[in-house]
Structures are given as C-alpha cells and as structure tokens.
Amino acid sequence: MANTMRVALVAADREVWSGEATVVNARTLAGEIGIMANHTPIMSVLAEGQVDVRTVDDGHWVAAIDGGFISVAHNEVSLLCEHAEISHESNYDEAKRLLEEAKARSEAAS
Amino acid sequence: MAVSLREYRARIKSTESMKKITRAMELIAASRIIKAQQRAQQAAPYARELTRAVSALATYSDADHPLTTEPENPTKAAILVITSDRGLAGAYSSSVLKEGERLAERLREEGKQITTFIAGRKGEAYFRFRNRPVRESWTGFSDQPQYDNAREIGKALIDAFVDEGDEGVDEVHIVYTRFRSMLVQEPHSVRMLPLEVVEGEEKPPEDEVLPLYEFEPSADEVLDALLPKYVQSRIFYALLQASASELAARQKAMKSATDNAEELIKKFTRIANQARQAGITQEISEIVGGVNALADAQAGSE
C-alpha cells in the first residue's frame, strides 16, 4: 500500500528538497492544510510561514518560506516559493547574525 | 635602425601582456559559463511547476485576469531590452540592441508608442548617448542575475501594464539573447504581456490528463497570485539565458583577441628580426667600405 507521496520543495533558483514523505503541513491563505498520500488534486496559495514535512524514514524537517503555492496531483506535492530556508540547512549562528543585522538596520532607520 | 628595433621589442612586450589579459578573461568567462548553465538548470524545476500550474488553471477555469486579456486597441507598447553591464563581449550588446530597434520599428509601424525599459549598463549608456527616454533601468547583475532582480523588473512591468492611466502600456515585449550553444547565441524577442495561454508548452510527455484541481480559496485568487509569479519566472529565465549568452560571447571575443595578439607578436617578431639583420648588414657594409677606403688611400700614397 502506497501511503507515501513525492514531495518537492522548489525555490525560484533551486530545488530545495525532494523525496518521499508521509505528511505535509502548510499554511495557506485559507488556513492550515494537511496533506497525506492520495490526496485529491488541489492547488492553493501558501501564506508566509513554515512548512512541516514528515519523511518516510521517520525523519522530519521544517522550512521557512515567503509565501507561494502548493499543488497536489497524482500523489505528488509541489511546494513552490520564491525563497525557502530549510531547517537542516540553516545555521543558528548565521541566522542570529542576520537577525542582529536586521535589528540594527531597523534601529538605524527609525 | 637600432631605434626601431627597440620600438618593435617594446610593442612585442605590450602585445604579450595584452595577450595575457585577454587569455585570463577568456578563462574566467569559460568557467563562469558552466556556473551560469548550472543556475539555469537549477531554476528549471520552478519554472516547470509554475508552467504546469498555469496551464492547469487556464484549462480548468474560465477565470479572466487582467494580465491575460488582450486590450481591444493596443496603442502603447513597452520594450524591455536585456543587455550586459560590461563590454568586451564582442557584438553581444549591440546585436541585442539592434534587435530591440527592429522590434520598436515594427511596433511603430503598427501605430504604437514605445516605452523603453533597460537592463544592463551597456543598454543604458546606448540610450543616454542618443538622448532617448528610458522609463526605468536596472543595472549591476547582468552576469549573475538573482531572482530578486527578476522580481523587481517583473513588478515594474506588471505595474505599467495594469496601469490604466497615461503611464500605462497595452503590451510588454522582452528582447534578450537566447543561449543556443557555446557558439550560437541569438537575439530574440517575445511578447510577455498580455500572457498567451500556455497550454501545450511543456506538456507532460505521455499526454497525461491534467488533474481536476480544487482551488483554494478560489480559482481567481490562485490565478491572481500565480500569474505575476509566472511573469517573474519568465523574466528570470530570460535574465539567466542572457547572462549565459553574455559569458559565451565574451569567451569567444576574448579567444579571438588572444589569437590576434599571438598573430601580432609573430608579425612583430619577424619585423624586429629583419630590422636587426638589416642593422647588422649595414654595419658590416660600413666596415667593409671603411676598410676599402683606407686600403685605397694607402695604395695611393705608396
């Protein structure tokens, strides 16, 4: 019984992740959406926020995206967004540094 | 004679250093092309998925959208010309500008007013030099375009297109250089807006039927969000193609510059050798002449 589906998280300039997964959770404009294998074809607009994916081997990752689309068809889920940052790629120190920089900028601007 | 020999040597030297520079630029361009091609490949999945989504929407919903409706009587057209930031790429910029002029000419014959948008410093300079108005221009990314650049350009073009006022335009064309292969890059113009329905462009191979999607919140809203992204992704694609073409053109131009420098060095070396030989011959004949004259004078006095 195929209870997995192909998931691809695609950013504008690269494919961030693709593989088999069991559950995808994302936030659309209409609210949270949870997708499991053999979901009915759907196309929806994703809000800014995080995508949560459980992979086949009991793995789990989340990614931050800046809004985009989700389309589900033929047991394939495509998550499209312009920029995405995936949890196991992002670096705590780097993120912290960026946050500090952004804070400093906004303080300087105000 | 000796002076010109020195001159030739200096020229050989400067040509040699020129050759080194052009050779380095050739190698840099060559290595960057591979990167540019990889970037184009990496951007492909996004464009493919987006195209699929748009064609699904176009097939299964009769939603009308401002970006897809043809104006009844188009009188104003915008042209975006994608050129390079830097020169030394052979005819790259001039040929894409020429294609832009051709397109502008054709549109003018159809009775349309032209508004120009420019990407790349070379195009900007071209229009400024001729004192021709440019609505907006973007520079600084021609050899490594980012998606954000495409987004900015796309936003400006869409804004101009949906604007109903005097500033608005009825159609948007893009002129860029298509990367066919390392040897062939051709300037190419496409009409970007209003969007033509993209059905059949990149159909799934086995003619699979597009699934009957449910749209959330509604088909209109999905279309609203999808179409601008589609336009931006098309622009991004054009930018990536243009950057690969620019690098290929630069590599080709620098290769022939290096070859020319080599030829020049050969030629100058020959001339320098001739000059040296002529100098030696003259010296010998002077010595011989002097000895003869001396011998004659001594023979006369004895």
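Modeller: Helices (H or I, at least four residues) and strands (E, at least two) are DSSP runs, numbered from the N terminus. This is a predicted model, where local features need pLDDT of at least 70, side-chain atom pairs need 80 or more, and totals for chains, interfaces and linings use all residues. Residues count from 1 along each chain as written, while chains are lettered from A and ligands numbered from 1 in written order.

Biologist: OK, at what angle do the axes of α4(B) and α5(B) cross?

Modeller: α4 of chain B covers residues 147–162, and α5 of chain B covers residues 219–301. Their axes (lines fitted to C-alpha atoms over the stretch in contact, with angles from 0 to 180 degrees between N-to-C directions) come within 8 Å, and they cross at roughly 125°.

Biologist: And which word describes how α4(B) and α5(B) lie to each other?

Modeller: Under 35 degrees would be roughly parallel, over 145 roughly antiparallel, 65 to 115 roughly perpendicular, and the rest oblique. The α4(B)–α5(B) crossing is at roughly 125°. So the word for this pair is oblique.

Biologist: How many residues of the contact of α4(B) with α5(B) are nonpolar?

Modeller: In contact means C-beta atoms, placed from the backbone, within 7 Å. On the α4(B) side you'll find Tyr147(B), Ile153(B) and Ile158(B), among others, and they meet an α5(B) group including Val231(B), Phe236(B) and Leu239(B). Of the residues in this contact, 3 are polar and 1 is charged, and the nonpolar ones number 9.

Biologist: Chain B has a sheet too, right? Which are its edge strands?

Modeller: The sheet is open and mixed, with 5 strands in the order β3-β2-β1-β4-β5 of chain B. α5(B) packs on this sheet, touching β1, β4 and β5 of chain B. Strands that pair on one side only sit at the edges, and here those are β3 (136–138) and β5 (185–193) of chain B.

Biologist: Which residue in β5(B) stands opposite Val175(B)?

Modeller: Pairing needs at least two DSSP bridges between strands. β4(B), residues 171–179, pairs with β5(B) in the antiparallel sense over 8 bridges. Opposite Val175(B) in β5(B) stands Ser189(B).

Biologist: Now the two chains: what gives the most to the side of chain B that touches chain A?

Modeller: 24 residues of chain B are in contact with 22 of chain A. α1 (2–60), α4, β6 (214–216) and α5 of chain B each supply at least two residues. With 9 residues, the one giving the most is α1(B).

Biologist: In what sense do β4(A) and β6(B) pair?

Modeller: β4(A) spans residues 42–55, and 3 bridges link this strand to β6(B). Ile42(A) stands opposite Glu214(B) in β6(B). The sense of the pairing is parallel.

Conventions:
Two residues are in contact if their C-beta atoms, placed from the backbone, lie within 7 Å. Ala, Val, Leu, Ile, Met, Phe, Trp, Tyr, Cys and Pro count as nonpolar, Asp, Glu, Lys and Arg as charged, and the others, Gly among them, as polar.
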